Amino acid sequence: MSERVFNFNPGPSTLPLEVLKEAQKDLLNYANTGMSVMEVSHRSKEFQAIVQEAEEQIKELLGLGDDHRVLFLHGGASTQFSMIPQNFLTEDTVANYIVSGSFAQKAYKESVKVGQTHLAGSTKDVNHNRIVGTDEVTLSDNPAYVHITSNNTIFGTQWKDFPDFGDVPLIADMSSDILSKPFDASKFALIYAGAQKNLGPSGVAVVIIRKDMLEKVPESLPSMLRYDIMAENNSLYNTPPSFSIYMVNLVLKWIKKQGGLEGIAAHNEEKAGYVYDAIDNSDAFYAGHAEKPDRSLMNITFRLPNEDLEKTFVTEAAKKGLAGLKGHRSVGGIRASIYNAMTKEGCKALADFMDEFRLANK
Ligand code: PMP
């Protein structure tokens with residue numbers, strides 16, 4: 001390929017072209033330091049300003065104030081699966097998990113290793129083709145917290161309204177839909193996300209934590225796993241993934257330029273609409289995996305009449321510059337990941353290709 005393609009990979013995934021160009025411009029000499037941002041000390045005033053700005057921008061986009069901190073941590077979203085119970089699960093409390101997909105299941109399994117863990121709801125029986133209804137959730141006694149996964153990357157389902165469990169801390173893995181729409185972030189005790197879908201490159205996980213949660217952290221935990229230590233040190237307790245954080249900061253500026261979360265949400269709804277319309281107007285040639293009310297605006301999953309056609313679809317699409325469409329083996333078929341940075345043109349090109357392919361192969 002001599003040109004950039006429309007990249008539908010699930011993560012790492014497409015980044016805004018504007019952001020990549022900006023990084024390219026700065027690559028050899030960041031802010032007149034005479035160094036790349038990769039070569040600048042993480043203790044320098046230039047780098048500290050990046051971390052501070054990134055924290056402020058996330059809080060501003062989410063409408064959060066002094067009650068919250070934003071941390072930039074190593075180890076991807078998967079390290080958060082174990083850090084959460086290690087920091088918040090005590091001997092006399094129970095961690096509650098709502099399992100709406102594979103990553104939710106992984107988070108649940110890590111908690112089981114740490115302490116008492118309760119499966120508060122699951123859609124495993126229907127291969128996670130929908131979100132667990134609030135009326136299907138049963139919490140344990142003495143819940144330490146409830147954990148949900150806001151968007152199920154593999155299955156293509158998304159929570160549209162978040163549940164409310166009163167005083168029980170609500171924790172969400174938002175790896176695949178963070179900052180894709182406005183929502184009331186103040187309802188959450190902790191939100192986390194691996195950056196490599198909606199926020200930037202891989203290598204950093206973003207954690208948004210309500211300050212009262214920091215007081216619950218046991219001193220016995222290793223320092224690198226303690227949210228309170230990470231917060232006290234402004235995410236600079238050790239050398240952070242500095243280039244990834246710099247990229248996240250650029251992506252946050254780009255989100256603000258798109259009209260913040262309202263602007264991004266309108267753009268996401270419009271572009272997902274092209275692809276879902278191509279499914280819905282296909283006379284059942286394309287069969288969506290997710291139930292309609294729970295369809296994700298970030299990952300669109302669908303099957304074709306048989307596996308041979310699915311393979312041909314992926315190969316032919318790639319030839320037209322539509323890359324990364326093969327679905328995950330748990331669902332099969334096709335998955336189009338259309339995070340914030342995927343353009344309308346990309347989604348239109350995919351929808352047009354779907355129509356052409358259907359007419360040629362029905
Ligand atoms: N949670 C969700 C919802 C994900 O989609 C992913 C990765 N695809 C993860 C967690 C794991 O993220 P990481 O690879 O950063 O550990």
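This is a short selection-by-selection tour of a predicted model, from the central sheet to the ligand and then to two buried side chains.

**Stop 1: the sheet**

Switch to cartoon and find the open sheet of seven strands. Reading across, the order is β2-β10-β9-β8-β5-β3-β4, and the pairing is mixed. Select 68–73 and 117–122 to pick out the edges: these are β2 and β4, and each has a single partner strand, so one side of each is left without a neighbour in the sheet. From one strand to the next, the twist averages 20°.

While you're at the β2 edge, add residues 45–62 to the selection. That's helix α2, which lies across β2 and β10 (205–210). Its direction makes an angle of about 130° with β2.

**Stop 2: strand β3**

Now select 94–99. How many of the six residues of strand β3 are buried? Six of the six are, so the strand is largely enclosed by the rest of the structure. Turn on side chains and you'll see them split: Val-94, Asn-96 and Ile-98 point one way, while Ala-95, Tyr-97 and Val-99 point the other way.

β3 has parallel partners to look at here. Strand β5 (residues 143–149) pairs with β3 in the parallel sense over four bridges; zoom in on Tyr-97 and you'll find His-147 as its bridge partner in β5. Then there's β4, which runs parallel to β3 and is joined to it by five bridges. For a landmark on that pairing, label Ile-98 and Gly-121, which stand opposite each other.

**Stop 3: strand β9**

Move along to residues 190–194, strand β9. This one is mostly covered, with five of its five residues buried. Leu-190, Tyr-192 and Gly-194 point one way from the strand, and Ile-191 and Ala-193 the other way.

Bring in strand β8 (residues 170–173) as well: β8 and β9 pair in the parallel sense over three bridges. Two pairs to label are Ile-171 opposite Leu-190, and Asp-173 with its bridge partner Tyr-192. Keep Asp-173 highlighted for the next stop.

Which way do β9 and β10 run, parallel or antiparallel? They run antiparallel, with five bridges joining them. Ile-191 and Ile-208 are bridge partners in this pairing.

**Stop 4: the ligand**

Centre on the ligand and show its surroundings. You should get 13 residues around it, the closest being Ser-78, Thr-153, Asp-173, Gln-196 and Lys-197. Colour helix α3 (residues 76–88) too: it supplies the largest share of the shell, four residues.

Here are some distances to bring up in the viewer:

- Asp-173, which you left highlighted, has a polar side-chain atom 2.6 Å from a nitrogen atom of the ligand.
- Gln-196 has an N or O atom in its side chain 2.9 Å from an oxygen atom of the ligand.
- Ala-77 has a polar backbone atom 3.0 Å from an oxygen atom of the ligand.

For the surface-area view, the ligand taken alone exposes 400 Å², and the protein buries 84% of that.

**Stop 5: Met-83**

Stay with helix α3 and pick Met-83, which is found in that helix. Its relative accessible area is 2%, so Met-83 counts as buried. What is Met-83 in contact with, leaving aside its neighbours within four places in sequence? Select Leu-73, Met-224, Leu-225, Arg-226 and Tyr-227 to see the set. If you'd like a longer ruler line, draw one from Met-83 to Asn-238: they are 155 residues apart in sequence and 17 Å apart in space, C-alpha to C-alpha.

**Stop 6: Gln-158**

Last selection: residues 157–158, which make up strand β7, with Gln-158 among them. Is Gln-158 buried or exposed? Its relative accessibility is 2%, so Gln-158 counts as buried.

Show sticks for Asp-177 next: a polar contact of 2.9 Å joins its side chain to that of Gln-158. Then widen the selection to the rest of what Gln-158 touches, not counting residues up to four places away in sequence. You'll pick up Ile-131, Ser-150 and Asn-151, then Ser-180 and Lys-181, and finally the run Asp-294, Arg-295, Ser-296, Leu-297 and Met-298.

Notes. Residues are numbered from 1 along each chain as its sequence is written. This is a predicted model: local features need pLDDT of at least 70, side-chain atom pairs count only at pLDDT 80 or more; totals for chains, interfaces and linings use all residues. Side-chain values use heavy atoms; hydrogens and water are left out. Buried means under 20% relative accessible area, exposed over 50%, partly exposed in between (1.4 Å probe, protein chains only). A polar contact is a pair of N or O atoms within 3.5 Å; within protein, one must be able to donate a hydrogen and the other to accept it, and residues adjacent in sequence count only if both atoms are side-chain atoms. Contact means heavy atoms within 4.5 Å. Two strands pair if DSSP finds at least two bridges between them. Axes are lines fitted to C-alpha atoms, for helices over the stretch in contact, and angles run from 0 to 180 degrees between N-to-C directions. A residue is near a molecule or strand if one of its heavy atoms lies within 4 Å of it. Accessible areas come from the Shrake-Rupley method with a 1.4 Å probe; for residues, only the protein chains shown count as cover.
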